[in-house]
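Open the structure in your viewer and keep the selection panel at hand, since each stop on this tour begins with something to select.

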Amino acid sequence: MAKKGVTLLLFLVLVVAAEAHQLQDGEPTAVGHAGRRGEAAAPTHLHFYFHDTVSGKSPTAVRVVEPPAASSSSPLSMFGMVNVMDDPLTEGPEKDSDPVGRAQGLYMASDQATVGFLQAMNLVLTSGPYNGSTLALLGRNCPLDAVRELPVVGGTGAFRFARGYALLRTHWLDFRTGDATVEYDVYVMH
Ligand SMILES: *[C@@H]1O[C@H](CO)[C@@H](O)[C@H](O)[C@H]1NC(C)=O
């Protein structure tokens, strides 16, 4: 009888300890960035346009790997294609509007069923308060979707420790050449 009582007590102690531990684990999340910076957490919002030019005499994105002809995937998907880009970023939607940086990296067709890219790139900012800082993005980009979300996985300079996300919306697309202008809204905690 006494032994049973001790076992029950031990069980209760363990349950209470486990709950206390859970509460402790929850705390850092609740405090988050606000606690670290001692102020209300508000992400930095960057807004600009990205120009991907694959056609003409001076493309800013080049095909380095053609999709293999023999492939079981949908021909639309371009599965296996790799493009490397050094695309200009501008303040407004026009290509000759004020430059704010470059998008340097690659997009690779990695979905067999549809047009779906793995996009890995640095946004290299060249003007304004973040001139000289970079953001690293890595994610899935299905260019035919109305809105695509890419994670911001890091950054340099003003963006050290950066975490966030980017929302991409096609502003203009030439289906014949593949040239496109994409509106970017980037939200970053740093
Ligand atoms: C950005 O920084 C570089 C290096 O410090 C400087 O040469 C350049 O003029 C700056 N650009 C703008 C638009 O402020």
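**Around the ligand**

Select the ligand and the shell around it: the residues of this shell divide into no nonpolar, four polar and no charged, where Ala, Val, Leu, Ile, Met, Phe, Trp, Tyr, Cys and Pro count as nonpolar, Asp, Glu, Lys and Arg as charged, and the others, Gly among them, as polar. The residues to pick are T126, S127, N131 and G132, a residue being near a molecule if its C-beta atom, placed from the backbone, lies within 6 Å of it.

This is a predicted model, in which local features need pLDDT of at least 70 and side-chain atom pairs count only at pLDDT 80 or more, whereas totals for chains, interfaces and linings use all residues. Residues are numbered from 1 along each chain as its sequence is written.

Next, colour by secondary structure to find one helix and nine strands, which are DSSP runs (helices H or I, at least four residues; strands E, at least two) numbered from the N terminus. The helix comes before the strands in the order from the N terminus, α-β-β-β-β-β-β-β-β-β.

Now select L135 and Y184, the residues with the most contacts inside the largest nonpolar core, which has 25 residues. Such a core is a set of buried Ala, Val, Leu, Ile, Met, Phe, Trp, Tyr and Cys residues joined through C-beta atoms within 7 Å, and buried means that 20 or more other C-beta atoms lie within 10 Å of a residue's own, all placed from the backbone.

Finally, select M78, F79, Y107 and A109, which are included in a second, separate core of five residues.

Methods: Buried ≥ 20, exposed ≤ 12 C-beta atoms within 10 Å, placed from the backbone.
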